[in-house]
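User: Please take a close look at one part of this structure, namely its charged side chains and the places where they pair. I should also like to see how that part relates to the strands and the surface around it.

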Amino acid sequence: MMSTIPALDKLTGRYLQLEKTERSALNSLASFFTLLFLYFVIWSPVNQYHDSSEVERDRQLSLIQYMRSSEKEARASSQGVNRVSTGQSLLTMVSRTAQQIGIKPNRLQPEGADAVSVWFDSVAFDDLMLMLKQIQARRGIVVQQISIEREEQPGIVRARIVLRS
């Protein structure tokens with residue numbers, strides 16, 4: 001029973017020369033390493049993938065539950081239920097709110113019927129955020145786009161904001 005591979009023939013010959021107890025120990029060791037190989041190469045990665053998939057599924061499930069629980073609020077917000085209609089134009093509302101905070105926009109420009117672009121060249125970041133918070137909370141106006149760059153003076157920024165009603 002000779003094979004065509006010389007290295008395999010040599011190993012088979014050496015195996016057959018071993019005593020019965022040595023062959024038994026070698027078979028046990030080979031079985032042990034085969035089981036280790038199967039565990040670390042097949043079972044462990046599959047098990048880790050399964051565990052991470054369950055965690056991801058649970059995360060997605062909680063996200064879906066949150067989205068379903070806040071669906072009514074989101075629909076009401078998108079339909080303008082929370083918006084305050086004062087009869088003022090968007091441009092006027094933004095200008096007055098900025099004035100109340102004590103900041104002055106460098107430029108206000110209408111962007112269609114329901115949006116306005118606002119530029120600030122040098123404004124305190126905290127005041128800018130307070131203005132945006134008040135506009136959004138009181139007036140129902142949302143920030144569509146924002147670009148903020150910091151100035152050399154700490155706490156002072158340059159900003160361009162597009163607000164939509």
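Analyst: The account below begins with the salt bridges, then turns to the strands, and ends with one arginine and a surface patch.

The model is a predicted one. Side chains of opposite charge can pair when their charged atoms come close. In this model the count of salt bridges comes to five.

One of these bridges links the side chains of Glu56 and Arg59, with an N to O distance of 2.7 Å. Both residues belong to helix α2, where they are three residues apart, about one turn of the helix. Glu56 has a relative accessibility of 34% and therefore counts as partly exposed, since that class lies between 20% and 50%. Arg59, at 45% relative accessibility, is likewise partly exposed. A salt bridge also joins the side chains of Asp58 and Arg57, at 3.0 Å from N to O. Asp58 is partly exposed, its relative accessible area being 40%.

Another salt bridge brings together the side chains of Arg158 and Glu151, at 2.9 Å from N to O. Through salt bridges that share partners, Glu149, Glu151 and Arg158 are joined into one network. Arg158 is partly exposed at 38% relative accessibility, and Glu151 is partly exposed with a relative accessible area of 27%.

The strands give this network its setting. Strand β3 comprises residues 142–150 and is joined to β4 by eight bridges, the two strands running antiparallel. Within this pairing, Ile146 has Ile161 in β4 as its bridge partner. β3 and β4 form a hairpin with five residues between them. In the turn of that hairpin, Gly155 has a positive phi of about 85 degrees. Strand β4 (residues 156–164) is also joined by eight bridges to strand β2 (residues 115–124), again in an antiparallel arrangement. In that second pairing, Ala124 stands opposite Ile156 in β4. In a regular strand the side chains alternate between the two faces of the sheet.

Arg107 offers a further view of a charged side chain. Arg107 lies in strand β1, which covers residues 107–110. The relative accessible area of Arg107 is 45%, so this residue is partly exposed, falling between the limits of 20% and 50%. The side chain of Arg107 makes a polar contact with the side chain of Gln109, at 2.4 Å. When residues up to four places away in sequence are not counted, Arg107 touches Ser117, Val118 and Trp119. Strand β2 spans residues 115–124, and these three contacts of Arg107 have numbers within that range. Arg107 and Leu61 are 46 residues apart in sequence, and their C-alpha atoms are 45 Å apart in space.

The surface also has a nonpolar side. A nonpolar patch of about 960 Å² is made by Leu35, Phe37, Leu38, Tyr39, Phe40, Val41, Ile42, Trp43 and Val46. Leu35, one of the patch residues, is found in helix α2, which runs over residues 20–69. At 57% relative accessibility Leu35 counts as exposed, because the limit for that class is over 50%. Helix α2 thus holds both Leu35 and the salt-bridged pair Glu56 and Arg59.

Definitions and conventions: Residues numbered from 1 in each chain as written. Predicted model: local features only at pLDDT ≥ 70, side-chain atom pairs only at ≥ 80, totals over all residues. Heavy atoms only, no water. Helix = DSSP H or I, 4+ residues; strand = E, 2+ residues; numbered from the N terminus. Buried < 20%, exposed > 50% of the residue type's maximum accessible area, 1.4 Å probe, protein only. Contact = heavy atoms within 4.5 Å. Polar contact = N/O pair within 3.5 Å; in protein donor to acceptor, adjacent residues only side chain to side chain. Patch = residues over 30% accessible without salt bridge, like charges linked within 9 Å, V, L, I, M, F, W, Y side chains within 5 Å. Areas by Shrake-Rupley, 256 points an atom, 1.4 Å probe, with all protein chains shown as cover. Salt bridge = Lys/Arg side-chain N within 4 Å of Asp/Glu carboxyl O. Pairing = 2+ DSSP bridges.
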